[in-house]
Amino acid sequence: MPTAAENLARWHAHVKNPDHQALWDMLHPDAVFESPVVHTPQMGREIVFKYLASADKVLGGEGFTYTGEWLAPNSAIIEFQNVINGIKVNGIDMISWNDAGQITHFKVMVRPLKAIQMVHQMMGEMLQKMASQPA
C-alpha cells in the first residue's frame with residue numbers, strides 16, 4: 001500500500017511532465033471530481049480524466065507552482081498558484097487515494113472570484129475542444 005507521500009510524488013511527477021496514460025492509470029474507475037464552478041460532482045474515470053487533463057492545459061504550465069501541502073494517511077491538500085492573463089490564481093487540490101494508490105476523489109477550490117470566472121471560461125473552452133477530438 002503506497003503512502004500519501006508516495007501517491008503525492010506521483011501526482012507531482014505528472015504535473016511536472018503531464019502524461020495522459022499515467023493520469024488515466026492513477027484514477028480509480030469510480031473516481032469523483034468536484035470543480036469550483038460545477039455544482040454537481042463529476043463521477044467516473046472518463047469525466048475526471050477530461051477535467052484533470054484540461055486543467056493541465058488551463059492552470060498548469062509555466063508559472064504553476066505548488067506552495068504548500070498537508071498530508072493525511074490516504075489524502076492530501078496541496079495549495080497552488082499561477083498568474084494567467086494577468087490574474088493571480090490561488091487554490092487548493094484536495095486528493096484522496098484508495099489503498100492501491102488510485103485517486104478516488106479530487107476536489108479543487110479556487111480564489112479570488114475574478115480567477116474563478118476566468119478559469120470557468122477557459123475550462124469550458126478546453127473541455128469543448130477535448131470533446132470534439134477523436135478518442
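**Chat about a predicted chain**

Colleague: Let's start in the loop: which residues does glutamine 102 touch?

Modeller: Leaving out residues up to four places away in sequence, glutamine 102 touches Asp25, Met26, Leu27, His28, Pro29, Arg45, Ser96 and Trp97, where contact means heavy atoms within 4.5 Å. This is a predicted model, in which local features need pLDDT of at least 70 and side-chain atom pairs count only at pLDDT 80 or more, while totals for chains, interfaces and linings use all residues. Residues are numbered from 1 along each chain as its sequence is written, and side-chain values use heavy atoms, with hydrogens and water left out.

Colleague: And where does glutamine 102 lie, and is it buried or exposed?

Modeller: Glutamine 102 lies in the loop between strand 5 (87–97) and strand 6 (103–111), and it counts as buried because its relative accessibility is 19%. Buried means under 20% relative accessible area, exposed means over 50% and partly exposed is in between, with a 1.4 Å probe and protein chains only.

Colleague: How many helices and strands are there in the chain?

Modeller: The chain has 4 helices and 6 strands, and along the sequence they follow the pattern α-α-β-β-α-β-β-β-β-α. Both are DSSP runs numbered from the N terminus, helices being H or I of at least four residues and strands being E of at least two.

Colleague: What order do the strands take in the sheet?

Modeller: The 6 strands form an open sheet with the order 2-1-6-5-4-3 and mixed pairing. Strand 2 (42–43) and strand 3 stand at the edges with a single partner strand each, so one side of each is left without a neighbour in the sheet. Two strands pair if DSSP finds at least two bridges between them.

Colleague: How do strand 3 and strand 4 run, and how many bridges join them?

Modeller: Strand 3 (residues 65–72) and strand 4 (residues 75–84) run antiparallel and are joined by 7 bridges, with a hairpin connecting them through 2 residues. Tyrosine 66 stands opposite phenylalanine 80 in strand 4, and leucine 71 has alanine 76 in strand 4 as its bridge partner.

Colleague: Switching to backbone geometry, which residues does the cis peptide bond join?

Modeller: The cis bond joins arginine 111 and proline 112, with omega about -15°, and proline 112 is found in the loop between strand 6 and helix 4 (113–132). Asparagine 85 has a positive phi, near 50°, in a residue other than glycine. Most residues other than glycine have a negative phi, and most peptide bonds are trans.

Colleague: Where is asparagine 85, then?

Modeller: Asparagine 85 lies in the loop between strand 4 and strand 5, and it is exposed, with a relative accessible area of 65%.

Colleague: What about asparagine 7, buried or exposed?

Modeller: Asparagine 7 counts as buried at 1% relative accessibility. This asparagine is found in helix 1 (residues 4–16), and it touches Pro2, Trp97 and Gly101 when residues up to four places away in sequence are not counted.

Colleague: Last topic: what radius of gyration does the chain have?

Modeller: The chain has 14 Å, which agrees with the value near 14 Å that a compact globule of 135 residues would have; the radius is taken over C-alpha atoms, and the globule rule is 2.2 Å times the number of residues to the power 0.38. Buried residues make up 39% of the 135 residues, and the C-alpha atoms fill a box of roughly 40 × 35 × 30 Å along the principal axes.
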